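Colleague: I am new to this structure and would like a close look at one part of it rather than a tour of the whole. Please choose a part, say what each term means as you go, and tell me how that part fits with its surroundings.

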Amino acid sequence: MKITFFGTGTSQGIPVVGCSCAVCTSSSFYDSRLRTSALIEVENQNILIDIGPDFRQQALQNQLTTLNAILITHQHNDHVIGLDDVRPFNFIQKKSMPVYGLVGALEDIKARFSYIFSDSPYPGSPKIELIPINRYDIFSCNGIPVQPILAEHGGMPVLGYIFQNRLAYLTDVKSIDSQELKKISGIELLVLNALHHEKHHSHLNLQEAVELIQVIKPDHAYLTHLSHRMGIHLEIEKQLPTSIHLAYDGLTIELAER
Ligand SMILES: [Zn+2]
Ligand SMILES: [Zn+2]
Ligand SMILES: [Zn+2]
């Protein structure tokens, strides 16, 4: 099983348009971040988590030639607005794209992309099959068992996804209740969001993310959904505990066979 970070930036991406801060003008490739998304490769399936505004570019950069399913964490624009760009995969694979998420997130997608889901869709529209998830149960994502984990994002429910009890991917989290936390206690690889250093109403900041990771005790943790106000990647990386890292665009982590 393998995860590739397609994007690790918060909703504006980095560099932020019009910003001349040290991060946005950094020449280090670690400091350039597309909107948050990741690809999970498991049992010969490519499963994308979230499909934001940079999806087309991310698919090209990572030479994505097949895509089997999409998991949606929540309905914010930076996580769903790239959905129209699944069309090449509809054409290549000659089938609808299964898209999984909470009912509320899928309803929002339907409203946002009404031309896809109307009774007489616009010719050439993407072919999307929306599949609601019951958050309590392990579900089959195109044949791959995936366990959802519920978290809270400034009053909005967000889903994280757990694969093979080894890899958990959570973004846009502010808090996770203690019952849900049990699902990922001691997990091998944890992905979690950390926005920047200040308090935020709907995102963990760096200190809160580190504290939560210390409760979860994964073997390794990678932080995503970073703002330019987090600071220069290589400088922040040096300040983190050894098992916690900032993710960066293009990073691939392979979990060893066992
Ligand atoms: Zn977001
Ligand atoms: Zn900036
Ligand atoms: Zn969000």
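Modeller: A residue is called buried if 20 or more other C-beta atoms, placed from the backbone, lie within 10 Å of its own, exposed if 12 or fewer, and partly exposed in between; a nonpolar core is a set of buried Ala, Val, Leu, Ile, Met, Phe, Trp, Tyr and Cys residues joined through C-beta atoms within 7 Å. This is a predicted model, in which local features need pLDDT of at least 70 and side-chain atom pairs count only at pLDDT 80 or more, while totals for chains, interfaces and linings use all residues. Residues are numbered from 1 along each chain as its sequence is written, and chains are lettered from A and ligands numbered from 1 in the order in which they are written.

The largest nonpolar core has 66 residues, and those with the most contacts inside it are Leu71, Ala168, Val191, Leu192 and Leu223. The part I would choose is strand β9, residues 156–163, which gives this core its largest share, five residues. (Strands, E of at least two residues, and helices, H or I of at least four, are DSSP runs numbered from the N terminus.) Six of the eight residues of β9 are buried, so the strand is largely enclosed by the rest of the structure.

Strand β9 belongs to an open, mixed sheet of seven strands in the order β7-β8-β9-β10-β11-β12-β13, where two strands pair if DSSP finds at least two bridges between them. The edges are β7 (139–141) and β13 (244–246), each of which pairs on one side only, and neighbouring strands are turned by 30° against each other on average, direction ignored. (Axes are lines fitted to C-alpha atoms, for helices over the stretch in contact, and angles run from 0 to 180 degrees between N-to-C directions.)

On one side of β9 runs strand β8, residues 144–153, antiparallel to it and joined by eight bridges, with Ile149 facing Gly160 as its bridge partner. The hairpin linking β8 and β9 has two residues between the strands, and Gly154 there takes a positive phi near 60°. Strand β10, residues 167–169, is also antiparallel to β9, through three bridges, and here Tyr161 is paired with Tyr169. Three residues separate β9 from β10 in their hairpin, where Gln164 has a positive phi near 55°.

Tyr161 also leads to another sheet, since contact (C-beta atoms, placed from the backbone, within 7 Å) is made with it by Leu71, whose further partners, leaving aside neighbours within four places in sequence, are Ile47, Ile49, Tyr100 and Cys141. Leu71 stands opposite Ile49 in the pairing of strand β3 (residues 45–49) with strand β4 (residues 69–71), which is parallel over three bridges. These two strands lie in a second open sheet of seven strands with mixed pairing, ordered β6-β5-β4-β3-β2-β1-β14.

Further along the sheet of β9, helix α7 (residues 206–216) packs on it, touching β11 (189–193), β12 (220–224) and β13, at about 155° to the direction of β11. The buried residues of α7 are Leu206, Ala209 and Ile213; they cover an arc (of the directions from the helix axis to the C-beta atoms) of only 60°, which puts them on the same side of α7. They pack against β11, β12 and β13, whereas Gln207, Glu211 and Val215, on the other side of α7, are exposed. Just after α7, Lys217 takes a positive phi of about 55°.

Definitions and conventions
Contact = placed C-beta atoms within 7 Å.
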